[in-house]
Amino acid sequence: MPDRPDRPSVLFVCVHNAGRSQMAAAYLHHLSGGAVEVRSAGSAPGSSVNPVAAEAMREEGIDISAERPTLLTPEAVRASDVVVTMGCGDACPIFPGKRYEDWVLDDPAGQGLDVVRPIRDEIRRRVLGLLDELGVAAVGT
């Protein structure tokens, strides 16, 4: 979908960009119906998406298995209206005029599906709240 200047843009950042930020980005893309420009990145990206996170999202009908962790860049932060961090510490560059949120969530790395499901569900809840704050109606809920 081409960029539209009237679309809000959100960047999700975690360390490895393999679990939390990938799930959040997938939910935001899915639940916004494309009304929000979505990015995700990591301060030290892993080599692939966490397979347990991918399985948890597959249960929701969302496939993130083909996504690839991406390195966080200052350009990605500059291009985003909202930056949501998830445990990336001081690695996320701060630019004036950006809205920053820090979502404290357990890291799904090395966890089983029973531990990852509640993390996934909390991410979904927070994404729905973010959509509401952005004035974007959620679809497919």
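**Exercise 1. The overall fold**

How many helices and strands does the protein have? Work out their order too, and say how the overall dimensions fit the chain length.

*Solution.* Keep in mind that this is a predicted model.

- Step 1: count the elements. You should get four helices and four strands.
- Step 2: walk along the sequence and write them down in order. The pattern comes out as β-α-β-α-α-β-β-α. The radius of gyration is 14 Å, close to the 14 Å that the globule rule gives for 141 residues, so the protein is as compact as a globular protein of that length.
- Step 3: put a box around the C-alpha atoms. Along the principal axes, they fill roughly 40 × 35 × 25 Å.

**Exercise 2. Inside, outside and charge**

Describe burial, contacts, surface and charge for the whole protein.

*Solution.*

- Step 1: start with burial. Of the 141 residues, 43% are buried.
- Step 2: take the contacts with a separation of 6 or more. Residues 24 or more positions apart account for 70% of them.
- Step 3: turn to the surface. The accessible area is about 6,900 Å², and carbon and sulfur atoms own 51% of that.
- Step 4: average the charge positions. There are 14 positive and 20 negative charges, and their mean positions sit 2 Å apart.

**Exercise 3. Gln-22 and Asn-17**

Where does Gln-22 lie, and which backbone atom is 3.1 Å from a polar atom of its side chain?

*Solution.*

- Step 1: place Gln-22. You'll find it in helix H1, which covers residues 20–32.
- Step 2: check its exposure. The relative accessible area of Gln-22 is 3%, and the cut-off for buried is under 20%, so Gln-22 is buried.
- Step 3: look for the polar partner. It's the backbone oxygen of Asn-17, 3.1 Å from a polar atom of the Gln-22 side chain.
- Step 4: look at Asn-17 itself. It belongs to the loop between strand S1 (9–14) and H1, and it is buried at 0% relative accessibility. Its phi is positive, about 50°, although Asn-17 is not a glycine.
- Step 5: list other contacts of Gln-22, skipping neighbours within four places in sequence. Among them are Ser-40, Val-49, Ile-64 and Arg-68.

**Exercise 4. Ile-123 in helix H4**

Is Ile-123 buried or exposed, and which residues does Ile-123 touch?

*Solution.*

- Step 1: find Ile-123 in helix H4, which spans 113–134.
- Step 2: read off the accessibility. At 0% relative accessible area, Ile-123 is buried.
- Step 3: ignore residues up to four places away in sequence. Ile-123 then touches Arg-20, Met-23, Ala-24, Tyr-27, Trp-103 and Leu-105.
- Step 4: add a long-range pair. Ala-25 is 98 residues from Ile-123 along the chain, and their C-alpha atoms are separated by 9.7 Å.

**Exercise 5. Val-136 and Thr-85**

Where is the place of Val-136, and what joins the side chains of Thr-85 and Asp-102?

*Solution.*

- Step 1: Val-136 comes in the segment after helix H4. With a relative accessible area of 14%, Val-136 is buried.
- Step 2: not counting residues up to four places away, Val-136 touches Pro-8, Ser-32, Ala-35, Val-36 and Leu-131.
- Step 3: compare sequence with space. Val-136 and Leu-31 are 105 residues apart in sequence, and 9.5 Å apart from C-alpha to C-alpha.
- Step 4: move to Thr-85, in strand S3 (residues 82–85). Thr-85 is buried too, at 12% relative accessible area.
- Step 5: a polar contact of 2.8 Å joins the side chains of Thr-85 and Asp-102.

Terms used: Residues numbered from 1 in each chain as written. Predicted model: local features only at pLDDT ≥ 70, side-chain atom pairs only at ≥ 80, totals over all residues. Heavy atoms only, no water. Helix = DSSP H or I, 4+ residues; strand = E, 2+ residues; numbered from the N terminus. Rg over C-alpha atoms; globule rule 2.2 N^0.38 Å. Buried < 20%, exposed > 50% of the residue type's maximum accessible area, 1.4 Å probe, protein only. Contact = heavy atoms within 4.5 Å. Areas by Shrake-Rupley, 256 points an atom, 1.4 Å probe, with all protein chains shown as cover. Lys, Arg positive; Asp, Glu negative; His and termini not counted. Charge placed at Lys NZ, Arg CZ, Asp CG, Glu CD. Polar contact = N/O pair within 3.5 Å; in protein donor to acceptor, adjacent residues only side chain to side chain.
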